[in-house]
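Reader: Thanks for sitting down with me. Could you show me the model and take me through the reasoning behind its labels?

Author: Gladly; here it is.

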Amino acid sequence: MEEGEIFMDTIFTMETFISVVMIGYGIWMLFRSAQQLRTNIKLRNEYKNSHKDYEEVNVYTGFLIFFAIMMAAGIFLAFFPYVEDNVYYYRLAYSLIALIAVSMGMDTLVKRRVIFDDNGFLYEKAYYRYRSIMNVTRNKGLMKNTEISSTEEKRITISHKMGEAFDVHYDNWKNRKKH
């Protein structure tokens, strides 16, 4: 083999390795997100079947629309007819964008929904009682959110809108405790 052929084989091997790693990462993200969503849906359904008085707060619509557009764009561009030499890599990149957008959409469904009741709230994969809350911090700036610290040394970060609903329920609980 000539030196140029060895160099080209090395580049092809590296490109193949990187492609396999990226595809594996995209599939892993999709699997992990699907697993979290499945767990969240199961917990939410169990909660709803066993409780009557609760308020559900969903703030995911805008994010889902964004990720749906990203997924559609990724799929469209993955099958777009290219004239370039590196068509495979364009298709790979846009397919990965679509995979990651689906994964992020599933994450959005888990992280942007909360159920409140008189004693606590269900978020992601756990129920948190108001009495276990030690500290509530409101972060200001570009990404406004609310950070909740509990006695179990967990930190929960929720969106600003979910934080506003949390404040109402948490204040109601504190007022009931006083009386």
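Author: Let me begin with a term: a strand here is a DSSP run of E with at least two residues, numbered from the N terminus. Asn139 has its place in one of these, strand β5, residues 133-139. Please keep in mind that this is a predicted model.

Reader: Why is Asn139 called partly exposed?

Author: Its relative accessible area is 30%. Buried means under 20% and exposed means over 50%, so Asn139, at 30%, falls in between and counts as partly exposed.

Reader: What makes the pair Asn139 and Asn145 a polar contact?

Author: The two side chains meet at 2.6 Å, and the cut-off for a pair of N or O atoms is within 3.5 Å. Leaving aside neighbours within four places in sequence, Asn139 is in contact with Lys144, Asn145 and Glu147. The C-alpha atoms of Asn139 and His160 are 8.6 Å apart, with their positions 21 residues apart along the chain.

Reader: Which other polar contact could we look at, and what is its distance?

Author: Try Asp167 and Arg138, whose side chains are joined by a polar contact of 2.2 Å. Asp167 is found in helix α4.

Reader: Is Asp167 buried or exposed, and how do you know?

Author: Buried, because its relative accessible area is 19% and the label applies under 20%. Other buried residues of α4 include Met162, Gly163, Ala165 and His169.

Reader: Why do you say the length of α4 agrees with expectation?

Author: The helix has 19 residues, which at 1.5 Å a residue should span 27 Å. Its end C-alpha atoms are 27 Å apart, so the two values agree. Helix α3, residues 87-111, can be checked in a similar way: its 25 residues reach 36 Å from the first C-alpha to the last, close to the 36 Å expected. Among the buried residues of α3 are Val87, Leu92, Leu96 and Met106.

Reader: And helix α1: what are the labels of Arg44 and Tyr25?

Author: Arg44 is in helix α1 and is buried, because its relative accessible area of 4% is under 20%. Not counting residues up to four places away in sequence, Arg44 touches Glu56, Asn58, Arg113, Val114, Ile115 and Leu122. Tyr25 has its place in α1 too, which covers residues 3-50. At 41% relative accessibility, Tyr25 counts as partly exposed. The C-alpha atoms of Tyr25 and Leu99 are separated by 9.8 Å, although these residues are 74 apart along the chain.

Reader: What makes Glu124 worth a look?

Author: Glu124 has a positive phi of about 55° although it is not a glycine. Its place is in the loop between β3 and β4. At 23% relative accessibility, Glu124 counts as partly exposed.

Reader: Which residues touch the most other members in the largest nonpolar core?

Author: That core has 18 residues, and Phe116, Phe121, Tyr123, Tyr130 and Phe166 touch the most other members. At least two residues each come from β2 (113-116), β3 (120-123), β4 (126-129), β7 (155-159) and α4 (160-178). Helix α4 gives the most, with five residues. A second, separate core of five residues includes Leu37, Tyr60, Leu109 and Val110. In soluble globular proteins, nonpolar side chains tend to be buried together.

Reader: What surrounds Tyr130?

Author: Beyond neighbours within four places in sequence, the contacts of Tyr130 include Phe116, Phe121, Phe166, His169, Tyr170 and Trp173.

Reader: How does the radius of gyration of the protein chain stand against that of a compact globule?

Author: The chain has 23 Å, whereas a compact globule of 179 residues would have a value near 16 Å. The C-alpha trace spans about 85 × 35 × 30 Å along its principal axes. Buried residues make up 32% of the 179 residues. Of the contacts between residues at least 6 apart in sequence, 58% join residues at least 24 apart.

Reader: Finally, how many helices and strands does the chain have?

Author: There are four helices and seven strands. The accessible surface comes to about 12,100 Å², and 61% of it belongs to carbon and sulfur atoms.

Conventions
Residues are numbered from 1 along each chain as its sequence is written. This is a predicted model: local features need pLDDT of at least 70, side-chain atom pairs count only at pLDDT 80 or more; totals for chains, interfaces and linings use all residues. Side-chain values use heavy atoms; hydrogens and water are left out. The expected span of a helix is 1.5 Å times one less than its number of residues. Buried means under 20% relative accessible area, exposed over 50%, partly exposed in between (1.4 Å probe, protein chains only). Contact means heavy atoms within 4.5 Å. A polar contact is a pair of N or O atoms within 3.5 Å; within protein, one must be able to donate a hydrogen and the other to accept it, and residues adjacent in sequence count only if both atoms are side-chain atoms. The radius of gyration is taken over C-alpha atoms; the globule rule is 2.2 Å times the number of residues to the power 0.38. Accessible areas come from the Shrake-Rupley method with a 1.4 Å probe; for residues, only the protein chains shown count as cover. A nonpolar core is a set of buried Ala, Val, Leu, Ile, Met, Phe, Trp, Tyr and Cys residues joined through side-chain atoms within 4.5 Å.
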